[in-house]
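Reader: I am new to this structure and would be grateful for a close look at a single part of it. Please take one buried residue as the starting point and describe its surroundings in a connected account.

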Amino acid sequence: MQKRYKVGVIGATGMVGQRFLLLLENHPLFEVTVLAASKNSANKSYKDAVRRWHMSAPMPEKFADMQVLDATADIKTIAKKVDFCFCAVNMKKDEIRELEYAYAKLECPIVSNNSAHRFTDDVPMIIPEVNPEHLEVIPLQRKRLGTKRGFIAVKSNCSLQSYVPLLHPLKKFGIESVAVTTYQAISGAGKTFETMPEICDNVIPYIGGEEEKSEKEPLKIWGKVENGKIVCADCPKITAQCLRVPVSDGHTAACFVKFTQKPAKQQIIQAWREFAGEPQKLCLPSAPKQFIHYFDEDDRPQPKLDRNLENGMAVLCGRLREDNLFDYKFIGFSHNTLRGAAGGAVLLAELLAAKGYFD
C-alpha cells in the first residue's frame, strides 16, 4: 500500500489554490487536511471564504465545510497537522519569503508556487522532467536552516513551461541564442473574462516582471549544483517579450533558436518525441505519459483545442521550420494553471515524495 501524506494548501481561496484542490480531491498520495488563507478568510468555512469560484468544475464537496485557518497567525498549528504544504499566496515578495521560511523552520516542507525563493541559491526551482538533480541541494538547505525535515522547493514561472521544456532536449545540439515571445492567458494574472473586461478585443503588451523572469529563470534551471548551491548557467542568451492576450487558459510561445551545430529538422522532432524525464520513468500520478507532443498540422497547437491534452500536463509544439535569421523557429504551448502552476507543483511534490524528501 502506498504511503499517503497529509497536506496543507496555503492560499487556498485564490485561483491557484482552487486549482490545487481540484487536483488533490482524489489524489492517490496526498490528502488535504488543512486549508489556510489570509486573516479575512480565517475561521470561515471554505465555501464562505471563497469570494468567487473561478474553476469550471464545481467546488469539491469534501472541502466546502472545512474551516480555513490563518496562514500567518496559525503557522504552528498548521505545521503540526501536515507532512508538507503547497503555498500559493498573494502577498508582497519579502512577506512570502519570510512566511515560507517560518514553515520550513517548523519542519514543514513547502512546495511553492510563488516567486519569492526562485533565486535563493540553495532552493531548487524545478521543472520535474528537466532538472530533478537540483533536489540534491535540499540537505544543504536544511543544514543552513537548522532543520531535519523542513525545506523549500519551488516551481518556475508559468510562462517558461511553454518553451523551456522544448529547448531542453535540443541542448545536445548546442543552443547559442533564443528569442521568444509569449502570449499569456488571463488566468496567469488570476483573472477571468468577467474580472478582466479590458482584455476583450485587446492585447496588453506588458506584464510586469515577466520578461526578466523569462530570460533569467531558465539559466538557473540549466545551472549546476556546486558546493551546496545552484550556480546559474551562462548560456544560452535569451531575449523575451511577454504579452497578455484574450485567452482563458494556456500560454503560447513563438520561439526562435540558433545552434552552434545546426541539426536537421527531423532530428529536432525526434528529440522531442523521444524525450522522457524522471516523472515518466517513475510513473508519477500526475505525469503525462508523453511529455512533449509535436503537431504536424500547420494550425496547431491551439489553446481552445489542445490545452487539456494529457490532463493539461503535456507540453505541446508545432510549426517547426527554418528561419532566415535564426536557425529554426517553432510554436510552443502549455496549460498555465495546470502544467504551469498547481499541476506543476503537484508533480514536483510527487517527485519529492518518490525521492523520500518528505520522510
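**A buried histidine and its sheet**

Author: His251 has a relative accessibility of 0% and therefore counts as buried, the limit for that class being under 20%. The model in which this value was computed is a predicted one.

His251 belongs to strand 12, which covers residues 251-259. The side chain of His251 also has a polar partner: one of its polar atoms lies 2.9 Å from the backbone nitrogen of Ala185.

The strand that holds His251 is part of a wider arrangement. Strand 12 takes its place in an open sheet of 6 strands, whose order is 11-8-12-15-14-13. The pairing within this sheet is mixed. In general, the strands of a sheet pair through backbone hydrogen bonds, and they may do so in either a parallel or an antiparallel manner. At the edges of the sheet stand strand 11 (237-244) and strand 13 (292-295). Each of these two has a single partner strand, so one side of each is left without a neighbour in the sheet. On average, and with direction ignored, neighbouring strands of this sheet are turned by 20° against each other.

The edge formed by strand 11 can be followed further. Strand 11 pairs with strand 8, which spans residues 175-184, and this pairing is parallel and runs over 8 bridges. One bridge can be named by its residues: Val180 has Ala240, in strand 11, as its bridge partner.

Beyond the sheet, the model also contains open and enclosed spaces. The second largest pocket holds about 390 Å³ of space. It is lined by 20 residues, and the closest to its centre are Arg19, His54, Met55, Ser56 and Asp249. Helix 1 (residues 15-24) supplies the largest share of this lining, namely 4 residues. By class, the lining of the second largest pocket consists of 8 nonpolar, 8 polar and 4 charged residues.

As for enclosed space, the count comes to 1 cavity of 30 Å³ or more. About 40 Å³ of space lies in the largest cavity. The residues that line the largest cavity are Ile126, Ile127, Pro128, Lys155, Gln161, Arg339 and Gly344. Sorted by class, this lining has 3 nonpolar, 2 polar and 2 charged residues.

To return to the starting point, His251 is buried, is found in strand 12, and has a side-chain polar atom 2.9 Å from the backbone nitrogen of Ala185.

Definitions and conventions: Residues numbered from 1 in each chain as written. Predicted model: local features only at pLDDT ≥ 70, side-chain atom pairs only at ≥ 80, totals over all residues. Heavy atoms only, no water. 1 Å grid on protein atoms, 1.4 Å probe; cavity = no way out; pocket = protein on both sides within 12 Å on 5 of 7 lines; lining within 4 Å. Points joined across faces, edges and corners; volume = space filled by probe spheres on them. Nonpolar A, V, L, I, M, F, W, Y, C, P; charged D, E, K, R; others polar. Pairing = 2+ DSSP bridges. Axes fitted to C-alpha atoms, helices over the stretch in contact; angles between N-to-C directions. Buried < 20%, exposed > 50% of the residue type's maximum accessible area, 1.4 Å probe, protein only. Polar contact = N/O pair within 3.5 Å; in protein donor to acceptor, adjacent residues only side chain to side chain.
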